[in-house]
Amino acid sequence: MTNGITITGLTKRFGAVEAVDDLSFDVPAGRVTGFLGPNGAGKTTTLRMLLGLVEPTAGEALIDGQRYQDLGTPRRVVGAAVEAMSAHPGRRARDHLWVLAAAAGASPERVDEVLDQVGLTDVQHRRVGGFSLGMRQRLGLASALLGDPQYLILDEPANGLDPAGMAWLRGLLRRLATEGCTVLVSSHVLSEVAQTADHVVIVNSGRLRYAGPLADLDADGASLEDAFLRLTTSTS
């Protein structure tokens, strides 16, 4: 069992703009945690600091007790998709995964496994430039899964998915958590988070508004949407 993700006093300033302000929360191991907030709340900046892509102004973000950049084999520990998938449009989907598999130390068999896992086996020889947004999302998820990671960090993975695709994603994330993977997923689709997540973190203006079990947030009978709006429109 992994130790989960720990965010402590995380702060990021871009000039006069404080994108993340003394943020602290835990992401429990072996659960699906929904990371929620309005546009500009600091979610993507937080995820980028967690993955060592942005240097914090203060505080720390630890995965299994270590900074991402200190992990011995980071691609085997953490799978991430936090930006638009950037495969060359002229490259075939399978070839794109082959290149990434070599960097992750993944076997050729693992490429076949993730293609099947995300439902792209039948289109693996098509060029990425002809993919829909939903298919690109699936390819980005396949890339994140190549290293069979213990942690999965996703930024808006439901973008471009139709209802059937969202139901598929929901089932996949729940199954991965059941198998012991720690999943942190940023999303604006509150209805999907309500059906998928065990744990919720809500931020607004770079500050923490709530972190805890989804069941506790809904304890008074309010929907996740109601609670989200209440927490993110409060001036306190």
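Start with the largest nonpolar core of this predicted model. The core has 47 residues. To find its best-connected members, select Leu36, Leu97, Leu141, Leu145, Leu152 and Ile202, which have the most contacts inside it. As a general backdrop, nonpolar side chains in soluble globular proteins tend to be buried together.

Now keep Leu97 and show what surrounds it. Ignoring neighbours within four places in sequence, Leu97 is in contact with Val111, Val114, Leu115, Leu139, Ala142, Ser143 and Leu146. Before moving on, color Val77, Val78, Leu184 and Val201 differently: they are among the 26 residues of a second, separate core.

Next, go to two helices. Select H3 (residues 93-104) and H4 (residues 108-117); their axes come within 10 Å and cross at roughly 130 degrees. Angles from 115 to 145 degrees fall outside the perpendicular and antiparallel ranges, so H3 is oblique to H4. The crossing of the pair is right-handed.

Which residues make the contact between them? On the H3 side, pick Arg94, Leu97, Trp98 and Ala101; on the H4 side, pick Pro108, Val111, Asp112, Val114 and Leu115. Sorted by type, the residues of this contact come out as seven nonpolar, two charged and no polar.

Last stop: Thr45, which you'll find in helix H1 (residues 43-50). Is Thr45 buried or exposed? Its relative accessibility is 17%, so Thr45 counts as buried, the cut-off being under 20%. Show its partners too: leaving out neighbours within four places in sequence, Thr45 is in contact with Lys12, Phe14, Ala19 and Val20.

Key. Residues are numbered from 1 along each chain as its sequence is written. This is a predicted model: local features need pLDDT of at least 70, side-chain atom pairs count only at pLDDT 80 or more; totals for chains, interfaces and linings use all residues. Side-chain values use heavy atoms; hydrogens and water are left out. Axes are lines fitted to C-alpha atoms, for helices over the stretch in contact, and angles run from 0 to 180 degrees between N-to-C directions. Helices (H or I, at least four residues) and strands (E, at least two) are DSSP runs, numbered from the N terminus. Angles under 35 degrees count as roughly parallel, over 145 as roughly antiparallel, 65 to 115 as roughly perpendicular and the rest as oblique. A crossing is left-handed if the near helix is turned anticlockwise from the far one by less than a right angle, and right-handed if clockwise. Contact means heavy atoms within 4.5 Å. Ala, Val, Leu, Ile, Met, Phe, Trp, Tyr, Cys and Pro count as nonpolar, Asp, Glu, Lys and Arg as charged, and the others, Gly among them, as polar. A nonpolar core is a set of buried Ala, Val, Leu, Ile, Met, Phe, Trp, Tyr and Cys residues joined through side-chain atoms within 4.5 Å. Buried means under 20% relative accessible area, exposed over 50%, partly exposed in between (1.4 Å probe, protein chains only).
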